[in-house]
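I set out to look up how aromatic rings are arranged here. I began with burial.

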Amino acid sequence: MSEVHIEYSTRLGFAPFNGGYPDHAKHLSVARLDPQHNLWYDVYDHNDPSKTRVNWHLIDPSTYEEPWFPAGPCEPAVPRTLRGSVKRADQDPSMLSFDLNQMKAHAAEIKNASSAPPLPAASSTEVSPPAPPTSTQEHQSTTTSSTSSTSSTSPRIAIIGRGDVGITLGRRFVKAGWEVQFGSRNPQETQAKAKPDEILSSSPIVSISDAVNWSQFVVLTVPGIRSIEEYNELATLLGDGIKGKVVIDTTNPLLFPSLEVFWDGSTSAGERFQSALPDSFVFKAFNTVGLNHLGNAEGTLIPGRNPDQGPLKMLFAGPSEQREIASQIISAVGFTPTYVGPIRYSRNLEAIAELWIHLAIPGIGSTENWGQGFHFEPTGI
């Protein structure tokens with residue numbers, strides 16, 4: 001059985017081994033390694049006890065390189081197993097994920113048991129927080145509430161807007177071990193209207209710019225907007241702290257009461273956000289599912305769906321150079337990220353959102369009524 005372990009590394013991509021050499025099968029046998037039990041996709045990150053997958057991702061199969069045969073073509077000894085196709089032989093508790101401090105504490109216990117001097121206590125500063133995508137992402141906030149958690153090792157994400165979508169995503173991020181702050185145009189008014197929520201009790205509501213400055217990543221959950229002036233106004237509120245950061249746009253610019261997505265014939269909402277934020281990396285995601293599924297990425301609300309299929313797939317679009325970061329954000333919510341291409345495909349994802357709404361809500365658009373227990377996702381990839 002082959003398993004993957006990482007400790008200090010970040011931004012790693014994994015794919016199944018693809019290649020071989022003439023004596024490969026023989027050498028695997030001598031080493032007592034069974035190539036049929038290759039858990040290449042089941043990564044143990046010893047510096048991420050909350051299992052947020054912030055330090056690694058699975059490489060898109062469409063980008064796999066050609067097979068590696070250093071001694072010439074031969075029959076590969078290691079099959080290219082698909083993610084989730086290999087079951088664990090057991091549930092060995094020794095293979096659970098531990099962070100660095102846990103491992104040091106365990107080592108100290110062993111030394112104490114053998115009467116050897118104990119290891120020094122691990123310092124809380126020895127584990128650095130995940131590195132942001134660019135050096136421009138770290139900005140100091142001017143308020144105490146938005147700087148109180150910057151020494152934490154947890155990823156920090158700002159959610160702009162605190163409606164149903166923002167709250168649902170915020171709860172999922174917190175459960176995954178991330179720190180969350182909500183950005184609002186009127187923090188005091190939003191706080192006064194907020195209902196008690198035990199999960200979000202440590203996620204303050206601050207100004208939009210303060211939340212952005214504190215964060216490493218940003219999610220936009222504001223109501224859909226249409227005019228260029230509105231996009232530029234929001235960009236101003238986000239402030240200079242948005243520069244260099246990955247921004248997830250969850251919005252659908254709906255028209256009422258038809259619930260059709262606004263389309264000017266050339267540019268989608270995601271593309272307008274990217275134009276308004278030229279120094280950021282804008283992705284469209286989380287907009288093609290109903291609110292019920294957004295909080296149930298496991299797919300449990302879809303009748304007849306086989307649990308072996310794993311989490312629901314989340315289609316997303318944006319700049320390829322930061323797709324790994326966007327994938328990690330989507331994975332933290334519980335979905336399987338499925339990249340479709342650059343931000344221009346935001347127009348297609350917004351069209352899918354309109355179709356979902358019209359099929360799910362009786363009397364809106366389509367004469368069909370599918371209910372809300374469905375989800376659009378690709379198969380076979």
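I looked up burial and found both Trp-356 and Phe-374 buried (under 20% relative accessible area, against over 50% for exposed and partly exposed in between, with a 1.4 Å probe and protein chains only). I noted that the model is predicted, that local features need pLDDT of at least 70 and side-chain atom pairs pLDDT 80 or more, while totals for chains, interfaces and linings use all residues. I also noted that residues are numbered from 1 along each chain as its sequence is written and that side-chain values use heavy atoms, with hydrogens and water left out.

I then turned to ring pairs. I took rings of Phe, Tyr and Trp (its six-membered ring) as paired if their centres lie within 6.5 Å, with planes under 30 degrees apart stacked, over 60 edge-to-face and the rest tilted. I obtained twelve aromatic pairs by this rule.

I recorded Phe-283 and Phe-316 as a tilted pair, 6.1 Å centre to centre with 40° between the planes. Phe-283 is in strand E12 (residues 281-284) and Phe-316 in strand E13 (residues 313-317), so this pair ties together parts 33 residues apart in sequence; strands here are DSSP runs of at least two residues (E), helices of at least four (H or I), numbered from the N terminus. I found Phe-283 buried, at 0% relative accessible area, and Phe-316 buried, at 0% relative accessibility.

I recorded Trp-356 and Phe-374 as a stacked pair, 5.2 Å centre to centre with 25° between the planes. Trp-356 lies in helix H10 (residues 346-360) and Phe-374 in the segment after H10, so the pair joins parts 18 residues apart in sequence. I saw that ring pairs link Trp-356, Trp-370, Phe-374 and Phe-376 into a cluster.
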